[in-house]
Number of protein chains: 2
Amino acid sequence: MNVEKPRTRIQQKNRERILNAALDVFSAEGFRGATIDQIAIAAELSKPNLLYYFPSKEAIYTEVLSSLLTTWLDPLQAIDSQGDPIEEILGYVRRKLELSRDFPRESRLFANEILRGAPRILDQIEGPLRRMVDDKVALFQNWSRDGKISPIDPFHLIFSIWATTQHYADFSVQVRGILRTNDDAHYVDAEDFLMTLYRATLTPRGN
Amino acid sequence: MNVEKPRTRIQQKNRERILNAALDVFSAEGFRGATIDQIAIAAELSKPNLLYYFPSKEAIYTEVLSSLLTTWLDPLQAIDSQGDPIEEILGYVRRKLELSRDFPRESRLFANEILRGAPRILDQIEGPLRRMVDDKVALFQNWSRDGKISPIDPFHLIFSIWATTQHYADFSVQVRGILRTNDDAHYVDAEDFLMTLYRATLTPRGN
DNA sequence: GTCTATATTAAGATAGAC
DNA sequence: GTCTATCTTAATATAGAC
């Protein structure tokens with residue numbers, strides 16, 4: 001898999017322009033809201049020229065979406081069963097928050113797809129994603145059993161990490177509206193808060 | 001405000017049917033994805049008949065959206081400055097989670113609107129919502145200062161509560177796919193988890 | 001108030017010249 | 001590979017009879 005067909009330099013460049021433009025438009029408007037016209041304008045190509053590279057709007061969308069999925073799952077995979085439990089989980093939170101800050105378009109595209117019922121990626125969710133979550137859940141349960149982290153529900157821990165980190169990208173308009181900000185400075189406070197939140201929860205009490 | 005125009009019983013009934021059908025369709029498809037046809041079918045009315053009650057698709061959407069906003073903000077307002085700080089905040093989390101379970105369509109409609117940049121409710125966010133958040137932030141800061149809750153960032157605390165609770169409605173497909181469930185039984189575990197999470201974080205240490 | 005029929009526009013996609 | 005022109009469909013909205 002992932003075998004790239006040989007392409008001329010101009011083909012490569014145009015495909016990249018299109019996919020980048022498509023990410024802009026799809027993440028801002030959703031699949032139905034986006035138009036080929038908008039994408040073509042953003043990619044600085046004519047509409048028929050764009051359709052020379054991709055057979056349909058759907059094809060562009062699927063390509064953007066699938067190219068995004070691996071990046072999206074990588075951080076979870078990176079949790080190391082040999083590392084310090086609390087630092088591993090906090091590191092995961094930190095990486096997810098960085099993704100939220102540096103790739104907000106990807107986050108919103110993904111959010112939009114899930115919100116619509118995940119018609120194109122339900123297989124990925126019930127396949128690879130679920131397997132990886134199950135794997136980490138088992139790890140967290142071992143850590144709990146050994147008293148390395150407190151005994152919390154590992155599924156809901158993961159859901160809460162996804163929710164709290166992606167919130168800053170997906171609900172960006174609301175966050176910025178309330179904080180009266182246009183830049184990314186608040187991500188520093190967000191990180192501090194989330195580190196405190198999860199450290200307080202994961203650190204075993206008593207003993 | 002909220003002055004209802006006098007209407008016949010049949011008008012009342014049909015308006016309600018339309019608004020309920022519209023909530024179904026808009027929350028599942030988004031504004032652009034939804035069609036008047038779908039709404040008309042769901043409301044069991046003909047398309048022209050539906051347009052006899054509302055002048056346009058946009059008008060239906062705005063009505064649904066604005067009727068939702070008050071309900072959405074009420075729980076925050078309900079936090080009582082005279083109550084026990086930790087129990088007040090945990091109660092807020094619980095009420096938000098109940099909203100997520102009992103009104104997932106409303107949550108998804110709201111999420112969709114924010115995701116699109118909140119074109120129709122930015123005023124509400126930067127007006128009433130921001131004022132109420134500022135108010136509760138001040139309250140949380142007082143509670144922190146008096147040692148009633150630990151010294152965390154109150155803005156990010158509120159964001160995290162919104163994120164973790166609404167996640168179960170907005171990302172429902174993903175949550176259910178991973179938990180292999182079709183019902184709402186997991187909300188019990190979610191509540192347990194969130195109570196533990198926020199109690200651990202809010203309870204002042206040391207002293 | 002409700003219907004059938006239809007006008008109008010927007011958007012996805014294709015034909016065919018260059 | 002890129003363009004202009006155009007086909008086709010779907011969707012919003014309206015006209016006008018009943």
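User: Before we start, what counts as roughly perpendicular for two helices here?

Analyst: Angles of 65 to 115 degrees count as roughly perpendicular. Keep in mind too that this is a predicted model.

User: Good. How do α8(B) and α9(B) pack, then?

Analyst: Helix α9 of chain B, residues 172-179, packs on α8(B) at an angle of about 80°, and their axes are 5 Å apart. The two helices are therefore roughly perpendicular to each other.

User: Which residues meet there?

Analyst: From α8(B) you have H167(B), Y168(B), A169(B) and D170(B), and they meet S172(B), Q174(B) and V175(B) of α9(B). Sorted by class, that contact has three nonpolar, three polar and one charged residues.

User: Let's cross between chains. What's the packing of α10(A) with α8(B) like?

Analyst: Helix α10 of chain A (residues 186-202) and helix α8 of chain B (residues 154-170) have their axes 10 Å apart, at an angle of about 75°. α10(A) and α8(B) are therefore roughly perpendicular to each other as well.

User: And who makes that contact?

Analyst: On the α10(A) side, H186(A), D189(A), A190(A) and F193(A); on the α8(B) side, H156(B), L157(B) and S160(B). The residues of this contact divide into three nonpolar, three polar and one charged.

User: How are the two chains related overall?

Analyst: Chain B superposes on chain A by a rotation of 180° with 0.0 Å of shift along the axis, and the RMSD is 0.0 Å. The two copies are thus related as by a two-fold rotation axis.

User: How much of chain B's contact surface recurs in chain A?

Analyst: 100% of the contact residues of chain B recur in chain A, so to speak the same surface serving both copies.

User: Handy. What's the secondary structure of chain A?

Analyst: Chain A has 10 helices and zero strands. Its C-alpha atoms fill a box of roughly 70 × 45 × 30 Å along the principal axes.

User: New topic: how many cavities of 30 Å³ or more turn up?

Analyst: Six, from a search of the whole structure. The largest has a volume of about 100 Å³.

User: What lines the largest one?

Analyst: The lining is W72(A), L73(A), L76(A), Y92(A), K96(A), F110(A), L129(A), W162(A), Q166(A) and Q174(B). Q174(B) also appears in the contact of α8(B) with α9(B).

User: Which helices supply that lining?

Analyst: α4 (57-77), α5 (85-102) and α8 (154-170) of chain A each give at least two residues to the lining of the largest cavity. The largest share, three residues, comes from α4(A).

User: And what's the lining like by class?

Analyst: The lining of the largest cavity has seven nonpolar, two polar and one charged residues.

How values were computed:
Residues are numbered from 1 along each chain as its sequence is written. Chains are lettered from A and ligands numbered from 1 in the order in which they are written. This is a predicted model: local features need pLDDT of at least 70, side-chain atom pairs count only at pLDDT 80 or more; totals for chains, interfaces and linings use all residues. Side-chain values use heavy atoms; hydrogens and water are left out. On a 1 Å grid over the protein atoms alone, a cavity is a set of points where a 1.4 Å probe fits but cannot get out, and a pocket is an open set with protein on both sides within 12 Å along at least five of seven lines; lining residues have an atom within 4 Å of a point. Grid points are joined across faces, edges and corners, and a volume is the space filled by probe spheres set on the points. Helices (H or I, at least four residues) and strands (E, at least two) are DSSP runs, numbered from the N terminus. Ala, Val, Leu, Ile, Met, Phe, Trp, Tyr, Cys and Pro count as nonpolar, Asp, Glu, Lys and Arg as charged, and the others, Gly among them, as polar. Axes are lines fitted to C-alpha atoms, for helices over the stretch in contact, and angles run from 0 to 180 degrees between N-to-C directions. Angles under 35 degrees count as roughly parallel, over 145 as roughly antiparallel, 65 to 115 as roughly perpendicular and the rest as oblique. Contact means heavy atoms within 4.5 Å. Copies are superposed by least squares on the C-alpha atoms of residues with pLDDT of at least 70 in both.
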